[in-house]
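Here is a protein model to be read through questions about the terms used to describe it. Each answer sets a computed value beside the criterion it has to meet.

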Amino acid sequence: MEEFKVEQLIVLKKDGGFCNNTKSFNQLLQSNSDITITSKKLKYKKELEVSYNLICDDVEGKEQRFFQISLIMNSGEESLDLFVELQREIRSLISKAGGAPETLVDDVSTYYANKAYPYIHRVENLLRKLITNFMIRKIGSSYVQEASPNEFKVAIDNSKRKKNGYMNAMYQVDFKHLSDFLFKPYTRKKDSELHLMIRKATVLEDLNLDDLKEFVPRSNWQRYFYSEVDCEDTFLSKRWQELYDLRCMIAHNAIVNKAKFTRIVELIEEVEKILQTAVDKLDSVDVPEDEQDIVAENVVANINDAFANFILEWNLLERFLEDIYSFLSSFDKFKKVTSKNHFLKGLKQPPVELLRYLAKTKIVPTALIEDIHEARVFRNRLVHGMESYPSSELLNMKEKLDLASIQTRSILERLVNRKCVIYFEETEGSYRVNSVESVLYSEVEEISIAVQEFSSIEEMIRYVSESFFISQENIELIQKI
């Protein structure tokens with residue numbers, strides 16, 4: 001049984017008694033007769049029960065109130081559609097109330113993104129395999145320089161791994177440019193040659209139609225594969241572009257729902273079938289002899305399972321970072337080092353911003369920040385296909401990432417579970433702190449604070465909470481008599 005969590009932040013204008021507390025917000029949700037809320041549980045259509053948590057407070061400095069909803073479903077994939085339908089109904093109710101939910105956590109999206117990635121990686125490697133074998137067996141290394149579309153050559157020239165030579169071109173360009181080699185129309189003749197032919201001609205008969213056709217841009221697919229595989233290059237290129245857009249959504253952690261996952265599978269089934277036919281018929285592909293070089297048949301692109309495992313582990317680490325950020329965002333001390341606009345709008349923070357903010361709090365050690373930065377750079381190079389690495393290096397980085405995830409999760413658990421006991425005494429309307437103890441599980445540690453006297457209990461609790469990033473509900477008061 002798998003756990004799926006969806007967390008959303010909603011900001012509403014203060015409007016009298018409308019949605020001014022958790023009770024009235026729950027009443028708003030239950031205006032849909034299919035929704036029932038009892039304690040920490042929410043039932044939908046009497047078929048689905050999920051854990052439900054709601055936080056409500058005022059947005060500082062604004063005539064606004066925010067509500068943070070957390071829904072957790074502990075069921076299998078068979079309940080996902082109903083879980084998504086529930087979220088859609090909740091968004092509809094909130095929209096009618098004048099709110100616009102911002103997604104903070106969406107495990108459903110993560111589930112479909114992780115499920116879709118192996119499909120995309122497989123078809124990408126199939127195209128690499130087709131192009132590599134085509135170049136080596138039919139064309140030869142020099143052809144890549146002479147007959148590639150200009151955009152493809154520029155992408156190769158800009159690569160950081162040019163030292164490997166043009167034979168490794170497919171491993172130096174990203175998913176999008178990879179398709180240019182087969183589907184981008186180009187001409188192997190220069191415009192100056194056409195101008196010279198025209199100037200030399202005195203009558204129309206001096207121009208040869210076949211020679212003129214050489215100046216018409218055509219793709220490699222049109223030149224060498226179309227006669228063997230009955231499929232237009234535009235059909236493939238449009239679908240590859242759509243796959244690229246969907247792949248970017250996964251790479252950049254955008255929302256990926258069931259419909260997008262289904263579309264990814266549909267596109268890949270269409271494209272993969274055609275590409276595999278091209279691979280199978282490669283021996284029948286006819287390339288003019290003057291375009292060939294004798295080369296060895298020894299380059300094969302295979303799916304790297306370690307790559308997929310690394311990406312899954314990175315997504316887990318990123319979620320831990322986002323959860324730490326979400327927890328700290330309730331503290332004024334943390335808000336001062338973050339972008340106020342991002343916080344108020346509930347926008348998703350990119351990893352580099354999360355790390356920058358967390359570094360300022362000193363909650364995450366500098367060494368761990370550096371390790372995560374290294375993993376992030378490595379991950380970006382893999383996702384965008386600009387560099388290839390031996391499996392040993394990928395495995396080594398995966399081990400570092402595993403350790404970083406364990407450390408980050410430990411930090412998150414300490415933040416959430418840490419409690420505090422304040423021992424104080426009241427004298428003539430003021431409150432003096434005698435001692436403060438930090439409690440984590442069974443471990444108790446005395447901590448020192450800079451200020452000992454406060455004008456109210458609320459001020460004392462708020463000070464200790466902000467000083468040590470401890471939730472106010474986790475602070476216990478013991479008064480000295």
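The questions and answers below concern confidence, helix packing and strand pairing in this predicted model.

Q: What is the average pLDDT of the protein, and where is confidence lowest and where is it highest?
A: The protein averages a pLDDT of 77, and 77% of the residues score at least 70, on a scale that runs from 0 to 100. Confidence is lowest in helix H15 (residues 340–345), with a mean of 44, and highest in strand S3 (residues 41–44), at 94.

Q: Over which residues does pLDDT stay under 50, and how many contacts beyond four places in sequence does the model have there?
A: Residues 141–147 are one such stretch, with 20 contacts beyond four places in sequence, and residues 160–167 are another, with 19 such contacts. A contact here requires heavy atoms within 4.5 Å.

Q: Why are H11 and H12 called oblique to each other?
A: The axes of helix H11 (residues 233–251) and helix H12 (residues 258–280) come within 10 Å and cross at roughly 140°. Roughly antiparallel would need an angle over 145 degrees, and roughly perpendicular covers 65 to 115, so H11 and H12 are oblique to each other. The crossing in which H11 passes H12 is left-handed.

Q: What makes up the contact of H11 with H12, in terms of nonpolar, polar and charged residues?
A: On the H11 side the residues include Phe235, Leu236, Trp240 and Leu243, and on the H12 side they include Ile264, Leu267, Val271 and Leu275. The residues of this contact divide into 13 nonpolar, no polar and five charged; among those that meet are Arg239 and Glu242 in H11 and Lys260, Arg263 and Glu270 in H12, and Arg, Glu and Lys count as charged.

Q: How do you know which strands are the edges of the open sheet of six strands?
A: The order is S2-S3-S4-S5-S1-S6, with antiparallel pairing, and strand S2 (35–38) and strand S6 (102–106) are the edge strands, since each pairs on one side only. From one strand to the next the twist averages 25°.

Q: What makes S1 and S5 count as paired strands?
A: Pairing asks for at least two bridges, and strand S1 (residues 2–13) and strand S5 (residues 64–75) have twelve, in the antiparallel sense. Within this pair, Leu9 stands opposite Gln68 in S5.

Q: Which helices pack on or lie across the strands of this sheet, and at what angles?
A: Helix H1 (residues 22–29) packs on the sheet, where it touches S1, S2, strand S4 (48–58) and S5, and its direction makes about 135° with that of S4. Helix H2 (residues 80–96) lies across S1, S2, S3, S4 and S5 and runs at about 170° to S5; an angle over 145 degrees counts as roughly antiparallel.

Q: How many bridges join S4 to S3 and to S5, and which residues in the turns have a positive phi?
A: S3 and S4 run antiparallel and are joined by four bridges, with Val50 in S4 as the bridge partner of Leu42; their hairpin has three residues between the strands, and Lys45 in the turn has a positive phi of about 55°. S4 and S5 pair over eight bridges, also in the antiparallel sense, with Ser51 opposite Ile72 in S5; five residues separate the strands of that hairpin, and Gly61 in the turn has a positive phi of about 75°.

Q: In which sense does S7 pair with S8, and in which sense with S11, parallel or antiparallel?
A: Strand S7 (residues 419–427) and strand S8 (residues 430–440) pair in the antiparallel sense over nine bridges, and Glu426 stands opposite Tyr431 in S8. S7 and strand S11 (residues 475–479) run parallel, joined by five bridges, and Val421 stands opposite Glu476 in S11.

How values were computed. Residues are numbered from 1 along each chain as its sequence is written. This is a predicted model: local features need pLDDT of at least 70, side-chain atom pairs count only at pLDDT 80 or more; totals for chains, interfaces and linings use all residues. Side-chain values use heavy atoms; hydrogens and water are left out. pLDDT is the predictor's confidence in each residue, from 0 to 100. Helices (H or I, at least four residues) and strands (E, at least two) are DSSP runs, numbered from the N terminus. Axes are lines fitted to C-alpha atoms, for helices over the stretch in contact, and angles run from 0 to 180 degrees between N-to-C directions. Angles under 35 degrees count as roughly parallel, over 145 as roughly antiparallel, 65 to 115 as roughly perpendicular and the rest as oblique. A crossing is left-handed if the near helix is turned anticlockwise from the far one by less than a right angle, and right-handed if clockwise.
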